[in-house]
Amino acid sequence: IAPDGTVWRGARVVCEPTHRDRRWLRIETEYLTAPGSNVLLIRLRWTNRTSAEIKPELEPCLAVWLAPGGPEGTEAHWIRAGRREVERGGGFPRDIRSDSWAAVAEPPTGAATLLVPGGREASAYVEDFGADGHHLGMWMPMTLRPGETREVVGWLVLCRTAEMEAYAALR
């Protein structure tokens, strides 16, 4: 229950890898929403289960694989130097880092999927997969001390393109 009385419900997934290069890790992911909401709260926790400090070679991240259309079907939206940038699918793979939130929109319908990191330590990005369209992601650099757990929160929002900037307040 949130301070405003909103009841969040959802699911938690826990993973403890057995591969020798990942045995140190425990990952918990919670997917939460409220009835009738267009917002999904995604909470990720990474725990170092060893007695050694760990700096993951791959920074903890969240990938949101969308399939709204090929390279001509979607637009990427992101923030760079305080300005909103927009780009149609480029037809070639590339990674677009944002200073704040990132979104994929379908211009014909005005529908958008927005990813807003819940804190300043995490960053959002759009990946242009060429013929496979745009996808969203969030990453956070970190080093984990022995036994330490770090958490990152992201907000996934289904909205209209004209509403995207209003959801930046979730950051």
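This is a short tour of charged side chains in the structure above, one selection at a time.

Before you start, note that this is a predicted model, in which local features need pLDDT of at least 70, side-chain atom pairs count only at pLDDT 80 or more, and totals for chains, interfaces and linings use all residues. Residues are numbered from 1 along each chain as its sequence is written, and side-chain values use heavy atoms, with hydrogens and water left out.

**Stop 1: Glu-75**

Select Glu-75 in strand S5, which covers residues 75–80 (strands are DSSP runs of E, at least two residues, numbered from the N terminus). Glu-75 is buried, where buried means under 20% relative accessible area, exposed over 50% and partly exposed in between, with a 1.4 Å probe and protein chains only. Which side chain of opposite charge is nearest to Glu-75? Arg-88 is, at 4.3 Å, and Glu-75 has no salt bridge. A salt bridge here is a side-chain nitrogen of Lys or Arg within 4 Å of a carboxyl oxygen of Asp or Glu. For charge, Lys and Arg count as positive and Asp and Glu as negative, while His and the chain ends are not counted.

Now add His-77: its side chain and that of Glu-75 share a polar contact of 3.1 Å (a pair of N or O atoms within 3.5 Å; within protein, one must be able to donate a hydrogen and the other to accept it, and residues adjacent in sequence count only if both atoms are side-chain atoms). Leaving aside residues up to four places away in sequence, Glu-75 also touches several others, including Val-86, Ala-103, Pro-107 and His-134; contact means heavy atoms within 4.5 Å.

**Stop 2: Glu-16 and Arg-26**

The structure holds 14 salt bridges. For one of them, select Glu-16 and Arg-26, whose closest N and O atoms are 2.5 Å apart. Glu-16 lies in the loop between strands S1 (9–15) and S2 (25–33) and Arg-26 in strand S2, so the pair ties together parts that are 10 residues apart in sequence. Glu-16 is partly exposed at 38%, and Arg-26 is partly exposed at 25%.

Widen the selection to see a network of salt bridges that links Arg-12, Glu-16, Arg-26, Glu-28, Glu-30, Arg-43, Arg-45, Arg-49 and Glu-151.

**Stop 3: Arg-84 and Glu-165**

Next, pick Arg-84 and Glu-165, a salt bridge with its closest N and O atoms 3.0 Å apart. This pair links distant parts of the chain: Arg-84 is in strand S6 (residues 83–88) and Glu-165 in the segment after strand S12 (149–160), 81 residues apart.

**Stop 4: Asp-95 and Arg-97**

Finish with Asp-95 and Arg-97, whose side chains form a salt bridge of 3.0 Å, N to O.

Note on methods:
Helices (H or I, at least four residues) and strands (E, at least two) are DSSP runs, numbered from the N terminus.
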